[in-house]
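Got the structure open in your viewer? Let's take a short walk through some of its rings and sulfurs.

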Amino acid sequence: MKLSGYYSSGQFAHMANVSLRTIRYYDKQNILKPSYITPSGARFYTDSDFAGLQQILLLKYLGFSLKDIREMTIHNTDNQYMMNSLNIQKQLIQDRMEQMQLVENAIENTMLAIQQNQKIDWSQMLELIHLTSVQKNLKTQYQNAANISARINLHKNYSLNKQGWFPWIYEQCHITDHMKILEIGCGSGALWTENFSMLPENVEIVLSDISEGMIRDVRRSIGTEDSRFSFQVFDCAQIPFPDDSFDLVIGNHILFYCDDIPKICKEIQRVLNSKGRFLGSTYGSRHMKEISLLVQSFDNHIALSDKDLYKQFGLENGKNFLEPFFKNVLCLQYQDEIYLNTPGPLIEYILSCHGNQKQFLLDRYSEFYVFVENKVKNGFRITKDAGIFCCSV
């Protein structure tokens, strides 16, 4: 039987230069499923399946276990999903190249010390050991980058408010020449990459995050040649700057992840000057509720988050945290909603959440895809309940 645009398992394996046994094993383990199965059980693959296989083989080459790969990837033929995935894989390769360069330098310096009968710098050797044990960090970085990308893309591509979240946030910053700005928890740096054209020439911006991987990614995205930006890794509970250092501190969707919000508010207050301002964004209780109801109707065991972030620091209770430290605490609501009629981006978003959804969806992905496809085919609206607190010292 010949299907136009489809390859049999044997053809697919031969073209990809892997064994048929490997293709069958990935199918059995729900790592790479065929695009079409005939009533008799024959399996067929398409060109788009090569992108999924490429992703699997690359992650395997980088040293991830098949269990890790299964958690980190899931079959999806949406082109935007593939582009996002390839971009993240590229970042992962760049990180590995940088790390291996450091390993090479450490080995060369140690060899040189031995040749010259010099004392070996054992602290450098310990660093070498650390660098060769980074697999867990790379996995975490990959997952974080993929999750952020999924969330940003759903909002960016399907929101009805054409201004966009990051341009709206930038508008509230009121950035002028000679300002000194700190962003805590900068994530992907989208606030800046989406607003480059509006940035004054004479500003100083420190982008910080607790994740080294995030800072590495945002440094690449913005570029080290732009002297307006500097990049630092630190916990915002201990900001490594003296008192009165900044005119503006920005915390975009960060405070609800923090264990000790009053401590962080006190730190932000400390590093702001007497005319400084703090902008902290968050969600409200209605934010994206339709998505939770959707997955619950598929399987009521699924929880997309282990805690409701808006209860930690949300639009309803944020003032209570901020008013002991700041004046003129004003809450501004961002008016928007999401509308889409295609399942891919919504499923990608769901898989990016911090809950238990993968535990229940990985083995039922095809069934879940059809379920979501039927739910959204006539249009699906999602409430956005987000805003920002604007405060002064």
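This tour goes through aromatic rings and then cysteines in what is a predicted model.

Start by colouring Phe, Tyr and Trp. Pairing up rings whose centres lie within 6.5 Å, you get a count of 21 aromatic pairs. Now select Phe298 and Phe368, one of these pairs: the two rings meet edge-to-face, with 4.9 Å from centre to centre and 65° between the planes. Zoom out a little and you'll see that this pair links distant parts of the chain, 70 residues apart. Phe298 sits in helix 12 (residues 289-298), while Phe368 belongs to helix 17 (residues 365-376). Switch on the surface, and both turn out to be buried: Phe298 has 12% relative accessibility, and Phe368 has 0%.

Next, pick Phe313 and Phe321. Their ring centres are 5.9 Å apart and their planes stand at 55°, so this pair counts as tilted. Phe313 is buried, at 1% relative accessible area, whereas Phe321 is partly exposed at 24%.

For a group of rings, select Tyr7, Phe12, Tyr45 and Phe50, which make up one aromatic cluster.

Now for the sulfurs. How many disulfides does a search of the whole structure find? The search turns up 0. To see an example, select Cys265 and Cys391: the sulfur of Cys391 is the closest cysteine sulfur to that of Cys265, but at 8.0 Å it is too far for a bond. Cys265 is buried, with 0% relative accessibility.

Finish at Cys390. Its nearest cysteine sulfur is that of Cys391, 7.1 Å away, and Cys390 is in no disulfide. Cys390 is buried too, at 14% relative accessibility.

Terms used
Residues numbered from 1 in each chain as written. Predicted model: local features only at pLDDT ≥ 70, side-chain atom pairs only at ≥ 80, totals over all residues. Heavy atoms only, no water. Phe/Tyr/Trp six-rings, centres within 6.5 Å; stacked < 30°, edge-to-face > 60°. Helix = DSSP H or I, 4+ residues; strand = E, 2+ residues; numbered from the N terminus. Buried < 20%, exposed > 50% of the residue type's maximum accessible area, 1.4 Å probe, protein only. Disulfide = S-S within 2.5 Å.
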